[in-house]
Amino acid sequence: MRQQGENTRALGLPAEPAPPQRPLRAPVHRSTTYEFAASQDYADVLAGEAPGYSYARIDNPTATAFASAVAAMEGAGCDREVRGEAFASGMGAVSTTLLALTGAGAHVVASRSIYGNTYSLLDGLLRRFGVQTDFVDITDTEAVRAAVRPETAVVFTETLANPTMAVADLPGLAGIAEEAGAVLVVDSTFATPAVCRPLEHGAGVVVHSATKYIGGHSDATGGVAVGGAGPMAEVRSARIDLGPCLAPDEAYMLHRGLETLPLRVARQCASAAAFAAAVAEHPAVERVDYPGLADHPGHALAGRLFDEGRYGAVVTVTPRGGREAGMEFADALGTATIAASLGGTHTLAGHVGSTTHRQMSDAALQAAGIGPAAVRFSIGLEEPDDLVADALAALDAGAGR
Ligand SMILES: Cc1ncc(COP(=O)(O)O)c(C=O)c1O
């Protein structure tokens, strides 16, 4: 029998594509392409007439496993079938979903308090393509109703607003969207399915920056969108055309993070509640925004929409004084780290006015319900007593000056 040359032999395909026993962990499938026995099989998979994989941007088993696992969590209480699509980042999920569900002449009603890049996408790029957005106070249901037009295609909100932690009335918004023939799209990054599952409250699509709580360890970037078959067929098609697919190594990391999401988030919520209550008592503190506190405007609504005793793990502390007082407070922290992002194992803090909301003047911040001194904490997995002691010491240092 003719022996093939060494380069051909070196290129041999795996003899055993899948082990006979199912591995406990979803493997990382790095291959960008897949072998078919016949041209017709290849054509059938591409046409969606046979299950399977052909090319990594279209589908990758590791990313599919991750998206399906998030869909199982977000859709747990839904009586309809839900599907997930994974993305290279949270903005990949947000932008693809918005592009998929709108088009020239379409209108969006969006919360005024949304992530900065979502805001600039709606207010900049999408306007250039003929999609008009009205930004409203999403907690004012009448304002949302008044903003809706016949051409409204999407109502967009975040479950918990950054950094005020305002709680969106998801069933109320879903009702308005449904009457208008629009899809309610909810960015639930701050809540996670371990706190609230917007699809159970009438949302059409829920999106996440998986970079935050879902990954949970500040070491992988990704996003995910989950919803019913109708809107998700549009989202999937746009994802394939636009290309922000999740890389297999990142998908593996995010899927691993998801396994401990409920455990981490339950602990982070409990620590955040203890932290918020203790810090609110300090005389140098003007206010603490946390929906777990009885005086937060969204407390009762959160009690109805969120899982019992879970109010998220972001706490915004506003010391008395202006921007400087806020920056000094953040700088005096030791256990909490000054850093961007949220949702990881480490407690992160940031002065809002000079970082995430730096484009806003003091007056604009006040109008949005944000004090110029506000410092946002993403509570991690440290001992809550250590976090409280750290914040109180930093407040003491400021009050003594
Ligand atoms: C609420 C929210 N949505 C979306 C994003 C964008 O996610 P990513 O950075 O993974 O693109 C972020 C990022 O901070 C966010 O906080």
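Reader: Which residues of E6 lie on one side and which on the other, and are they buried or exposed?

Author: In a regular strand, the side chains alternate between the two faces of the sheet. This model is predicted, and in it strand E6 covers residues 205–209. Val205, Val207 and Ser209 are on one side of E6, Val206 and His208 are on the other, and all of them are buried, which leaves both faces covered. The count for E6 is 5 buried residues of 5.

Reader: How should I read the burial of strand E5?

Author: A residue is called buried when its relative accessible area is under 20%. In strand E5, residues 183–187, 4 of the 5 residues are buried, so E5 is largely enclosed by the rest of the structure.

Reader: In which sense do E5 and E6 pair, and over how many bridges?

Author: The two strands pair in the parallel sense, over 3 bridges. Two residue pairs help to locate this pairing. Val185 stands opposite Val205 in E6, and Val186 has Val206 as its bridge partner.

Reader: Which strand is joined to E6 in an antiparallel manner?

Author: That strand is E7, residues 223–228, and 5 bridges join it to E6. Within this pairing, Val207 has Ala225 in E7 as its bridge partner.

Reader: What links E4 and E5, and how do these strands pair?

Author: Strand E4, residues 152–158, pairs with E5 in the parallel sense over 5 bridges. Glu158 stands opposite Asp187 in E5. Together with helix H7, residues 170–180, the strands E4 and E5 make a β-α-β unit, and this unit is right-handed.

Reader: Which residues are around the ligand?

Author: Several residues already named return here: Glu158, Asp187 and Ser209 are among those around the ligand. The list also includes Ser89, Gly90, Met91, Tyr115, Thr189, Phe190, Thr211, Lys212 and Gly222. Sorted by class, this shell has 3 nonpolar, 6 polar and 3 charged residues.

Reader: Which atoms of the protein lie close to oxygen atoms of the ligand, and at what distances?

Author: For a polar contact, one looks for a pair of N or O atoms within 3.5 Å. Thr211 places a polar side-chain atom 2.7 Å from an oxygen atom of the ligand. Met91 has a backbone N or O atom 2.8 Å from an oxygen atom of the ligand. For Gly90, a polar backbone atom is 2.9 Å from a ligand oxygen atom. As for cover, the ligand taken alone exposes 390 Å², and the protein buries 87% of that.

Note on methods. Residues are numbered from 1 along each chain as its sequence is written. This is a predicted model: local features need pLDDT of at least 70, side-chain atom pairs count only at pLDDT 80 or more; totals for chains, interfaces and linings use all residues. Side-chain values use heavy atoms; hydrogens and water are left out. A residue is near a molecule or strand if one of its heavy atoms lies within 4 Å of it. A polar contact is a pair of N or O atoms within 3.5 Å; within protein, one must be able to donate a hydrogen and the other to accept it, and residues adjacent in sequence count only if both atoms are side-chain atoms. Accessible areas come from the Shrake-Rupley method with a 1.4 Å probe; for residues, only the protein chains shown count as cover. Ala, Val, Leu, Ile, Met, Phe, Trp, Tyr, Cys and Pro count as nonpolar, Asp, Glu, Lys and Arg as charged, and the others, Gly among them, as polar. Buried means under 20% relative accessible area, exposed over 50%, partly exposed in between (1.4 Å probe, protein chains only). Helices (H or I, at least four residues) and strands (E, at least two) are DSSP runs, numbered from the N terminus. Two strands pair if DSSP finds at least two bridges between them. A crossover is right-handed if, with the strands pointing away from the viewer, the path from the first strand over the helix to the second runs clockwise.
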